[in-house]
Amino acid sequence: MCGIVAYLGRKAAQPILVEGLKRLEYRGYDSAGIALLRNGGLCIKKTCGRISALEQVLEGPRGLDTLGIGHTRWATHGPPNTVNAHPHVDGTGKIAVVHNGIIENYNTLKTWLQSEGVAFQSETDTEVISNLIGYLYCHGESAERCNGQHLFEWAVQQALQRLHGTFGLAILCSDFPDTLIGAKRGSPLILGVGNDEYILASDAAAIVEHTTRAIYLADNEMVLIGSEGFHTKTINNVVVAKDLKEIEFSLDQIELGGFEHHMLKEIFEQPQSLSMCLGGRIDKQCGKIKLGGIADHLRELTQAKHIIFTACGTAFHAGLVGEFLLEHLARIPAETEYASEFRYRNPIIGDDTIVVAISQSGETADTLAAVEQAKERGARVLGIVNVVGSSIARATDAGIYLHVGPEIGVASTKAFTAQVAVLSMLAIELGRRRHISSDDAARYIDELSQIPEKISTILDQSSHIREIAAANIDRENWLFLGRGFNYPVALEGALKLKEISYIHAEGLPAAEMKHGPIALIADGMPAVFIATAGPQYDKIMGNIEEVRARGGKIIVVATEGDDEIRRHADHLITIPEAPELLQPMLAVVPLQLLAYHAAVLRGHDVDKPRNLAKSVTVE
């Protein structure tokens, strides 16, 4: 959940570290710090708060400081303060560590180290790592007896073998002024390889300004970087060959580009990002879908008796839409499970069960653990992720990339619509092979190809939606209600409002309102209905009247040309006509804008909402 960046090269390290941390700040922003190798020792600066607070305590960059590590924190062990901020050093002050992840046996290790006379300054699990490395470094074997390794490398390997849990690490030792070590288990870590310079980071966003060539470390691998180059091995000292890969996005894609916030930019990017997602996969002429990433598994998918989607947060809501799509079009029994629950259950997985993991980052810890459990039980496991080379992409048997470019805003927007688009394509193709006619498949494909353009017309209503938000932001409790394919959209709309505006919101199937939640409705309480054209339109109109009769404020997302519904709505937002099963990609856009404008009007930092981080890589 935290962001780490490290630099070794010929340039001043400090500006590169600070800029890298700014690009990683969406991963955590409770505190920040850097460690530089300076005059034979470590110069460490850290502070509570955001990167801007760190900049205020930094001295001017020095050209000789060409090696350093940095960190931006999302707090787990210990509150956000300067003492708990990274980097953490060992007792000698020679070894510094930045860490993304959680060490599960830190308490046991800490107790043992304290019994050996090692003192601790912070409440973090990370300080165990620096002190363990430092202890082994001071009490370890001589260099000649460390398997040909220098003592620093040996101490790091020995320490990593003792750690239980997850980590992405960057490590320095002042006795080795031209050596940087990185290691990974369960948390992302990428090495950017430039011209005589190296950048180690949690995310390619911190690398792409300097180089587009990178290697992606796998679990239990480490990289040793020096002035002569780098080499990779396992933490058990087995040499591993890694191929350089091209980072698939440009610097322009992670800049604001004139927008006030990344979230707003990403909402407005959806016509383009969906077009990229659909591009090359829709064959309108032949009425077929081409999903190359899972081509070898299409027969198995077609014959599947049971499909389980597993995901967290926004991706879970996309999975619910996928469940409805598969059952409607392909008549395959499907269910959607929270990955955080699935991994601890005893799920029934038969020989004909396929598990599909959905994650924007491809690093979501709970989803990755669910993947591993499904594989252990013999299931075929597929992935739907956005980040190429991510842990879930590597762990699954095959998968489909979203191809929507980087998503920086913590509240996911364009990834959700792309996830639903991918699930729509999968359901249409499996439906064509199993249940629906070729003509129906061709019609759905044609309708799907029009979704990006239709989203553009919804975005034109942004100012109108801002007015609706302004009229209701003083209310602290909202309901979001939908039926059928738009029930998951109601869940997603409520989540977006909670995430960034801090307004309590509840998403429900509209018919369930009568079974308890209707007791919450009081005079002026906003109730957002997705009441688009479809077989349940008359039913949801009845639900609207039930809320109106109790004094609720009615906000309706309806289909263009629906004049009847205007009489029932206090506020109306329209979306273009589309088949019911494709409506979620349209209906969600006004709700994204509603949440965005509500948060801005309430004075909140939209891209960095409190207590949240973009990629949840810890349990």
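Student: Let's start with N220. At 29% relative accessibility, does N220 count as buried, partly exposed or exposed, and why?

Tutor: Residues under 20% relative accessible area are called buried and those over 50% exposed, with partly exposed in between. N220 has 29%, so it counts as partly exposed. Keep in mind that we are reading a predicted model.

Student: Where does N220 lie?

Tutor: N220 lies in the loop between strand 11 (213-216) and strand 12 (221-226). Look at its backbone too: N220 has a positive phi of about 65°, although it is not a glycine.

Student: Which residue in the loop before helix 13 also has a positive phi although it is not a glycine?

Tutor: Try H403, whose phi is positive at about 60° although it is not a glycine. H403 lies in the loop between strand 22 (398-401) and helix 13 (414-434). With 31% relative accessibility, H403 counts as partly exposed. You can also find Y502 just after helix 17, with a positive phi of about 65°.

Student: How do I read the length of helix 17?

Tutor: Compare its reach with what is expected at 1.5 Å a residue. Helix 17 covers residues 487-501, which is 15 residues, and spans 21 Å from its first C-alpha to its last, close to the expected 21 Å.

Student: Is helix 17 mostly covered or mostly open?

Tutor: Mostly covered: 13 of the 15 residues in helix 17 are buried.

Student: What can I look for in a peptide bond?

Tutor: Look at its omega angle. The bond from H86 to P87 is cis, with omega near 5°. You will find P87 in the loop between strand 4 (67-73) and strand 5 (88-89).

Student: Now a proline elsewhere. Is P535 buried or exposed?

Tutor: P535 has 70% relative accessibility, so it counts as exposed. P535 sits in the loop between strand 25 (526-531) and helix 18 (537-548). To get a feeling for distance, measure from P535 to L256: their C-alpha atoms are 41 Å apart, and 279 residues separate them along the chain.

Student: How do I work out the surroundings of a residue such as T232?

Tutor: Ask where it is, how covered it is and what it touches. T232 is found in strand 13 (residues 229-234). Its relative accessible area is 4%, so T232 is buried. Leaving aside neighbours within four places in sequence, its contacts include I215, L217, V239 and V240. The T232 side chain also reaches the backbone oxygen of V240 at 2.5 Å.

Student: Can we use those steps on T211? Where is its place?

Tutor: T211 is in the loop between strand 10 (198-201) and strand 11. With 10% relative accessibility, T211 counts as buried. Its side chain reaches the backbone nitrogen of R213 at 3.1 Å. Not counting residues up to four places away in sequence, T211 touches G192, V193, G194 and I247.

Student: Which side chain makes a polar contact with that of H306?

Tutor: That is E335, with a polar contact of 2.6 Å joining the two side chains. H306 belongs to strand 18 (residues 306-311), and at 18% relative accessible area H306 is buried. Beyond four places in sequence, H306 touches residues including I332, P333 and I354. H306 and V355 are 49 residues apart in sequence, and their C-alpha atoms are 8.6 Å apart in space.

Student: What is the idea behind a nonpolar core?

Tutor: In soluble globular proteins, nonpolar side chains tend to be buried together. Here the largest nonpolar core has 95 residues, and I294, I307, W478 and F480 are among those with the most contacts inside it. A second, separate core of 33 residues includes Y106, L132, A155 and I181.

Student: How do I step back to the protein chain as a whole?

Tutor: Begin with the elements: the chain has 19 helices and 27 strands. Of its 619 residues, 63% are buried. A compact globule with 619 residues would have a radius of gyration near 25 Å, and the chain's 26 Å agrees with that. Along the principal axes, the C-alpha atoms fill a box of roughly 80 × 55 × 45 Å.

Student: What share of the accessible surface belongs to carbon and sulfur atoms?

Tutor: The share is 46%, out of a surface of about 22,800 Å².

Key:
Residues numbered from 1 in each chain as written. Heavy atoms only, no water. Helix = DSSP H or I, 4+ residues; strand = E, 2+ residues; numbered from the N terminus. Expected span 1.5 Å × (residues − 1). Buried < 20%, exposed > 50% of the residue type's maximum accessible area, 1.4 Å probe, protein only. Polar contact = N/O pair within 3.5 Å; in protein donor to acceptor, adjacent residues only side chain to side chain. Contact = heavy atoms within 4.5 Å. Rg over C-alpha atoms; globule rule 2.2 N^0.38 Å. Areas by Shrake-Rupley, 256 points an atom, 1.4 Å probe, with all protein chains shown as cover. Core = buried A, V, L, I, M, F, W, Y, C linked by side-chain atoms within 4.5 Å.
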